[in-house]
Amino acid sequence: MASDLALKRARRTGPLISLVPMIDVMLILLVFFMVTSTYLNLDMIPAVKRQDQAGVAQSANIETVLIRLSADGVPVLNGKPQTPEALAAALGERIEAQPLAQVLLLPSGAAPTQSLISVMDIATRSGVERLRVIRLEARP
């Protein structure tokens, strides 16, 4: 009878591994990376192509304005750093004088994208219709 009263232990089947916490973490990471990543279609920014350069050279009577965008995001016009207000005023004067003036924007490789967009916005608000973003490439 004593053996009938002995407690019997159930055999351990091994640790239970639940996949629910892992799936929760993976979904949180997926949402995080989807929200923080940016998918830019860089073809939406107009750039000067080689065939366009020939057309620009033929129309020599049209004024061309070059705006450089420095690595810290400051626009430079005629060698002088410009504030957004001063840049808008200078572009507005040039467009009033010659409505078909072409504006070339040359950003530094280290320039923030937001600065590029801000300068493009300033130029558009100033009445610029012919705005081009150019990129210099090293020759092999």
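Of the 140 residues of the protein, 24% count as buried, where buried means under 20% relative accessible area, exposed over 50% and partly exposed in between, with a 1.4 Å probe and protein chains only. This is a predicted model, in which local features need pLDDT of at least 70 and side-chain atom pairs count only at pLDDT 80 or more, while totals for chains, interfaces and linings use all residues. Residues are numbered from 1 along each chain as its sequence is written, and side-chain values use heavy atoms, with hydrogens and water left out.

Colour the whole chain by secondary structure to see five helices and five strands, in the order α-α-α-β-β-β-α-β-α-β from the N terminus; helices (H or I, at least four residues) and strands (E, at least two) are DSSP runs, numbered from the N terminus.

Next, select α5, residues 113–125, whose 13 residues reach 18 Å from first C-alpha to last, close to the 18 Å expected at 1.5 Å a residue (the expected span is 1.5 Å times one less than the number of residues). Within α5, show S115, L116, V119, M120, I122 and A123, which are the buried residues of this helix. They lie on the same side of α5 because they cover an arc of only 160 degrees around the axis, the arc being that of the directions from the helix axis to the C-beta atoms. Adding β1 (64–69), β2 (75–77), α4 (84–97), β4 (102–107) and β5 (130–133) brings in elements that are included in the cover of these buried residues. Turn to the other side of α5 for the exposed Q114 and R125, then step just past the helix to G127, which takes a positive phi of about 100 degrees.

Stay with R125 and display D121: the two form a salt bridge with their closest N and O atoms 3.3 Å apart, a salt bridge being a side-chain nitrogen of Lys or Arg within 4 Å of a carboxyl oxygen of Asp or Glu. Because R125 and D121 are four residues apart in helix α5, about one helical turn separates them. R125 counts as exposed at 69% relative accessibility, whereas D121, at 35%, counts as partly exposed.

Now select R94 and E63, which form a salt bridge with the closest N and O atoms 3.6 Å apart. This pair links distant parts of the chain, with R94 in helix α4 and E63 in the loop between α3 (50–58) and β1, 31 residues apart. R94 counts as partly exposed at 23% relative accessibility, and E63 counts as partly exposed at 26%.

Definitions and conventions:
Contact means heavy atoms within 4.5 Å.
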